[in-house]
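Let's take a walk through this fold together. Keep the picture open and follow along as we go.

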Amino acid sequence: MRILVTGGSGMVGRTLQSFATDHTWFFPTSKEMNLMDFDSIQSFIKKNNPNFVIHLAANVGGLYKNLAVRVDMLHDNLIMNENILTACYNNKITRGIFLCSTCIFPKNPPAYPMTEDMMLLGEPHPSNASYAWSKRLLFFQCQNYNEERGCHYLCLIPTNIFGPHDNFSIADGHVIAAVIHRFYVAKQQKTRLEIKTGTNSLRQFISACDVARTILSCLTRLDDISQRSPIIIAHKEHRLVDVIQKISKLFDHDNYLIIDQELGQERKPCSFQRFTETFPNFKFDDFDQTLAKTVEWFQDHYHTDVRR
Ligand SMILES: NC(=O)c1ccc[n+]([C@@H]2O[C@H](COP(=O)([O-])OP(=O)(O)OC[C@H]3O[C@@H](n4cnc5c(N)ncnc54)[C@H](OP(=O)(O)O)[C@@H]3O)[C@@H](O)[C@H]2O)c1
């Protein structure tokens, strides 16, 4: 297969690159193929002739970014998603994998843990509504292509992803990456860190390697996996305060204070039953080991290629 990966310079994209063998792969950066510009996609596809797409690119970030730049998050993601879908279909790329997010799920689901069939049963949480609506429409449009035009577009729905190559921006990054960066700075400056989070808040985390390995498993199995049914990629819940404590230990910096304040949802567990039924032999990465590897990678690459 000739596989076009959008977002190849991001966390999941860089991780996927490290596993990419067997096929011919293309990982253009946004400079080489700008998804906001239809002609740029069209010319990259014409030149390289891929026959499979893995769409990872997005305007994505943590809670604070989701609250702060709602207009851009909806605008950019809608345009990027529509552009790549249209360009792929026009160029006969009718097979692909698209990354959504568990942010899609409603703020008041009928039950927990949430399953794939509950995705659209109600409004998403306001803390990430623009991003959630763009991903809902991506999922909806993939279904339209599958049902009306015979495409094989599979949507994967990961929970919070973390690992090396994450965006470690304190303002825009996801929780683990932003907290790692804050501990790094506090340790360097020998200062006390104050972290706002709900003391009872729980999150499911998945390593970027687990997401990349799932994508690879789907590549050759697209025909047995029903494209009408998306798959949640999730694993166990962790208390955020426990994760913060683990990061503090990895930095050997215990001078921090938790301020009990949750701006998002306290918990939103998603089922990974369909995932384990589809991939019964899948072994999840160990959370503590991946966290240690991420902190080590961040420190080793702080002055070179850490996005911050
Ligand atoms: N991170 C999470 O916790 C999480 C959770 C659930 C789902 N997801 C989804 O998983 C996917 C991968 O996430 P990630 O964390 O790997 O993202 P990321 O590290 O933030 O990377 C984003 C990628 O999107 C690309 N991109 C942004 N604007 C672009 C444009 N105009 N044209 C082309 N490419 C553009 C960036 O390319 P350049 O760097 O070259 O600009 C970068 O490669 C996304 O679809 C995200 O929504 C992520």
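Strand β1 (residues 2-6) runs parallel to strand β2 (residues 24-26), and three bridges join them. Strands here are DSSP runs of E with at least two residues, helices are runs of H or I with at least four, and both are numbered from the N terminus. Two strands pair if DSSP finds at least two bridges between them. One bridge to look for links L4 with F26 of β2. To get from β1 to β2, the chain passes through α1, and this β-α-β crossover is right-handed. Right-handed means that, with the strands pointing away from you, the path from the first strand over the helix to the second runs clockwise.

By the way, this is a predicted model: local features need pLDDT of at least 70, side-chain atom pairs count only at pLDDT 80 or more, and totals for chains, interfaces and linings use all residues. Residues are numbered from 1 along each chain as its sequence is written.

Here are the two parallel partners of β1:

| Partner of β1 | Bridges | A bridge pair |
|---|---|---|
| β2 (residues 24-26) | three bridges | L4 with F26 |
| β3 (residues 52-55) | four bridges | T6 with H55 |

How much of β1 is buried? Four of its five residues are, so the strand is mostly covered, where buried means 20 or more other C-beta atoms (placed from the backbone) within 10 Å of a residue's own, exposed means 12 or fewer, and partly exposed is in between.

Now for the ligand. It has 25 residues around it, with G7, G10, S30, L35 and A57 the closest; a residue counts as near if its C-beta atom, placed from the backbone, lies within 6 Å. Two elements, α1 (11-19) and β6 (160-162), give two or more residues to this shell. The largest share, three residues, comes from α1. By class, the shell has twelve nonpolar, 13 polar and no charged residues. Ala, Val, Leu, Ile, Met, Phe, Trp, Tyr, Cys and Pro count as nonpolar, Asp, Glu, Lys and Arg as charged, and the others, Gly among them, as polar.

Next, find H125 in the loop between β4 (95-99) and α5 (129-149). Why does H125 count as partly exposed? Because it has 17 C-beta neighbours inside 10 Å. Its C-alpha atom is 4.6 Å from that of K107, although the two residues are 18 apart along the chain.
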